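Me: Please take a close look at one part of this model for me. I want the helix packing around the metal site, with the contacts spelled out.

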Amino acid sequence: MQNTDLTEAPSTARIQRANSLAGDVYEAIFAQLMSLRIAPGSRITVDNLVKEFNVSHTPIREALGRLEGEGLVLKTHLIGYRAAPQITRRRFDELYELRLLLEPAAAAKATATLDDERLTVLQEAAGVMARREGKDERLRYSNFARQDAIFHDKIVEFAQNELIRETLNHQHTHFHIFRLMYHSRVTEEALDEHEAILAAFSAGDPDAAEKAMRVHIENSRDRLLPAFE
Ligand SMILES: [Zn+2]
C-alpha cells in the first residue's frame, strides 16, 4: 500500500490517508480480477484479503462493494462474495458483432469533431504514453483495461451519440473482455493499434479512422478467441 504525506494538518491527513488506502485496496483487488489471479467465478473471502493486504475489514468491504457496482463481483446472501463468471462464447461473439457495427462508424464520425483539446484527451486516454510505466505487470494490465475502456468511451462521446455510448458501456463489457486472458500481447498489440487510430484522428481522416478502429476490434477479438479453446 502507498504511503501518503502526513505532514499536513492531522484531520486532513487522516481523511486523505483513508481515501488513498481504500483506493489502493480497490486497485489491488481490481488488478487481481483483471489478471485472473482471482479466477472468474471463484469465491472471494474477506478474511483472506484482510490477511493478504494487512488492512482492516472496512476498506476491503468498500472495495468489494465498488467492484459489485461494476459487475465484477457478485454478492450472495449468506454465502458471500465471488468473482463474476466468465462471459460465454456466445456473448463474446455478440459483443464483438455489436462493437464492429458501432465503433468504426463512431470513430469516423468523431474525427470531424476533434480539436486540439479533444485530440489531447484521446492521446492521454489511449494509454500509449504510459506504455512502459510501472514494474508490476498485473497492475499495468489492469490499468490498461481501464484506460482502454476510457479511450473507446471518449471516441463515442465525441461522436455525439449518447445511445450508442450507453449501449456500449452497458455492463462494463470492457472489464469482462480483459478478464478472458491475461497476456502482455493483449496490451502491447492493442497499443500499436491505438496509435494507428490516433494517427488517423490527427490527420483528420474519417475513412482511415473507421478502418483503424475496425482492424483494432477485429484483432482484439482474434487475440482473445483462444480463451475459449
Ligand atoms: Zn482499444
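Reply: The axes of α6 and helix α9 (residues 184-203) come within 11 Å in this predicted model. They cross at roughly 30 degrees. That makes α6 roughly parallel to α9, because the angle falls under 35 degrees. The crossing is left-handed.

The contact between these two helices involves many side chains. From α6 come E137, Y141, F144, D148, F151, H152 and I155. From α9 come S184, V186, T187, A190, L191, H194, I197, L198 and F201. By class, the residues of this contact divide into 10 nonpolar, four polar and two charged.

Now the metal. Three residues of that contact, D148, H152 and H194, also bind the zinc ion. H216 is a donor too. The donor atoms are OD of D148 and NE2 of H152, H194 and H216, at 2.1 Å. Along the chain the donors follow the spacing D-x3-H-x41-H-x21-H. H152 lies in helix α6 and H216 in helix α10 (residues 206-224), so this pair ties together parts that are 64 residues apart in sequence.

What about the geometry? The four donor atoms around the zinc ion subtend angles of 86 to 163 degrees, which makes the arrangement irregular. Tetrahedral would need all angles between 85 and 135 degrees, and the upper value of 163 degrees breaks that limit, so the site does not count as tetrahedral. For reference, the ideal angle for four tetrahedral donors is 109.5 degrees.

Next, the other partner of α6. Helix α4 (residues 89-111) and helix α6 (residues 137-158) have axes that come within 8 Å and cross at roughly 60 degrees. That makes α4 oblique to α6. This crossing is left-handed. R99, E103, A106, A107 and A110 in α4 meet H152, I155, V156 and F158 in α6. The residues here divide into six nonpolar, one polar and two charged. H152 takes part in this contact, and H152 is also a zinc donor. I155 faces both ways as well: it is listed in the contact with α4 and in the contact with α9.

Finally, α4 has a contact with helix α7 (residues 162-169). The axes come within 11 Å and cross at roughly 150 degrees. The two helices are therefore roughly antiparallel to each other. α4 passes α7 in a left-handed crossing. L98, R99, L102 and E103 in α4 meet I164, T167 and L168 in α7. These residues divide into four nonpolar, one polar and two charged. R99 and E103 serve in this contact and also in the contact of α4 with α6.

How values were computed
Residues numbered from 1 in each chain as written. Predicted model: local features only at pLDDT ≥ 70, side-chain atom pairs only at ≥ 80, totals over all residues. Heavy atoms only, no water. Axes fitted to C-alpha atoms, helices over the stretch in contact; angles between N-to-C directions. Helix = DSSP H or I, 4+ residues; strand = E, 2+ residues; numbered from the N terminus. Parallel < 35°, antiparallel > 145°, perpendicular 65-115°, else oblique. Left-handed = near helix turned anticlockwise from the far one by under 90°. Contact = heavy atoms within 4.5 Å. Nonpolar A, V, L, I, M, F, W, Y, C, P; charged D, E, K, R; others polar. Donors = N, O, S within 2.8 Å, 3.2 Å for Na, K, Ca; no water. Tetrahedral: all angles 85-135°; square planar, octahedral: opposite > 155°, others 65-115°.
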